[in-house]
Amino acid sequence: MAPTRILIVNPNTTVTMTETIAAAARAVASPGTEIAAVTSAMGPVSIESFYDEAFAVPGLIRALLSAEDADAGIIACFDDTGLDAARSAAPFPVVGICEAALVTAGQIAKRIAVVTTTPRSVVPLEELVRRYGFAERVSVTACNVAVLDLERPGSGAEEKLCAEIERALEKGAEAIVLGCAGMADLAAALSQKFGVPVIDGVAAAVKQAEALVGLKLTTSRRGAYAFPGTKNYTGLLEKFAPPSR
């Protein structure tokens, strides 16, 4: 049987974060699943605002379209950066880690807390929560840690994250979703520490991507996710013009 090939794209340009994401993905991948993790070649070093997100999309799309032999793709940013554009362009199904984490958490708990990094990330994630239909069950809170501080020794990032999880549990959360791909390596230890399910979106997305491939399902090309129509793009984006099909 041919292996299942899953491409994970880190849409920021920090290679060490990609390595953390790849390790978390491989830890849960089934035998016979091959994980290829790539770092975007252009864009911000971290995605912490609407502005960062906008400029991360071109690099994300280029990375996805450079791997046509993949069976499925994963966008490893909790903002689900460029997810709709990626699903329209990629020739294979694409999973976002926020959507994957919420769907997974929703199967095992009623009251869920997403703990993200900085306060300015709360509103974008609340919008995603509403979009995915979890507004009545999910709260979003921030531990006030910059994304890159998750990898910086002595930053106190893990301590701040733990304190915010504790506050969320005190307010009634029954499960925790880690709201940043850079937290992917912490889920198992935090689940054991707090005695509740702690869901990492990267791991959840791997299992959902495997399921889509196993079910032989791919993105619908009827309507919203139809391939982009052929047209010219100009200026710096000229090379991103949709090809004829």
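This report walks through two sheets, some helix packing and the empty spaces of a predicted model.

## The sheet that begins with S1

Let's start with an open sheet of 4 strands, which are paired in parallel and come in the order S2-S1-S3-S4. Look at the ends of that order: strand S2 (33-39) and strand S4 (94-96) are the edge strands. Each of them has a single partner strand, so one side of each has no neighbour in the sheet. Going from one strand to the next, the twist averages 25°.

Now zoom in on one pair. Strand S1 (residues 4-10) runs parallel to S2, and 7 bridges join the two. If you'd like a landmark here, find asparagine 10, which stands opposite threonine 39 in S2.

This sheet also has a helix lying across it. Helix H2 (residues 50-65) crosses over S1, S2 and strand S3 (72-75), and its direction is at about 160° to that of S1. Keep H2 in mind, as this helix comes back when we get to the largest pocket.

## The sheet that holds S5

Further along the chain you'll find an open sheet of 4 strands with the order S6-S5-S7-S8, and here the pairing is parallel. Which strands stand at the edges? They are strand S6 (138-142) and strand S8 (198-200). Each has a single partner strand, so one side of each is left free of a neighbour in the sheet. On average, neighbouring strands of this sheet are turned by 25° against each other, if you ignore direction.

Strand S5 (residues 112-116) and S6 run parallel and are joined by 5 bridges. A handy spot to look at is valine 114, which sits opposite valine 140 in S6. Helix H5 (residues 122-131) packs on this sheet, where H5 touches S5 and S6 and makes an angle of about 165° with the direction of S6.

## Where two helices cross

Next, pick out helix H4 (residues 97-106) and helix H8 (residues 201-214). Their axes come within 8 Å and cross at roughly 85°. Angles of 65 to 115 degrees count as roughly perpendicular, and H4 and H8 are therefore roughly perpendicular to each other.

So who meets whom? On the H4 side, the residues are Ile97, Ala100, Ala101, Val103 and Thr104, and they meet Gly201, Val202, Ala204, Ala205 and Gln208 in H8. Sorted by class, this contact has 7 nonpolar and 3 polar residues, with no charged ones.

## The largest pocket

Time for the empty spaces. How much space lies in the largest pocket? About 450 Å³. Its lining is made of 19 residues, and the ones nearest its centre are Ile61, Leu65, Ala89, Phe240 and Pro242.

H2 and helix H3 (83-89) each supply at least two residues of this lining. H2 gives the most, with 5 residues. By class, the lining of the largest pocket splits into 14 nonpolar, 1 polar and 4 charged residues.

## The cavity

How many cavities of 30 Å³ or more does a search of the whole structure find? The search turns up 1. The volume of the largest cavity is about 150 Å³.

Around the largest cavity there are 16 lining residues, and Ile47, Cys77, Phe78, Val147 and Cys180 lie nearest its centre. This lining divides into 9 nonpolar, 5 polar and 2 charged residues. If you're exploring the structure yourself, those five named residues are the ones to click on to find the middle of the cavity.

Conventions: Residues are numbered from 1 along each chain as its sequence is written. This is a predicted model: local features need pLDDT of at least 70, side-chain atom pairs count only at pLDDT 80 or more; totals for chains, interfaces and linings use all residues. Side-chain values use heavy atoms; hydrogens and water are left out. On a 1 Å grid over the protein atoms alone, a cavity is a set of points where a 1.4 Å probe fits but cannot get out, and a pocket is an open set with protein on both sides within 12 Å along at least five of seven lines; lining residues have an atom within 4 Å of a point. Grid points are joined across faces, edges and corners, and a volume is the space filled by probe spheres set on the points. Ala, Val, Leu, Ile, Met, Phe, Trp, Tyr, Cys and Pro count as nonpolar, Asp, Glu, Lys and Arg as charged, and the others, Gly among them, as polar. Two strands pair if DSSP finds at least two bridges between them. Axes are lines fitted to C-alpha atoms, for helices over the stretch in contact, and angles run from 0 to 180 degrees between N-to-C directions. Contact means heavy atoms within 4.5 Å. Angles under 35 degrees count as roughly parallel, over 145 as roughly antiparallel, 65 to 115 as roughly perpendicular and the rest as oblique.
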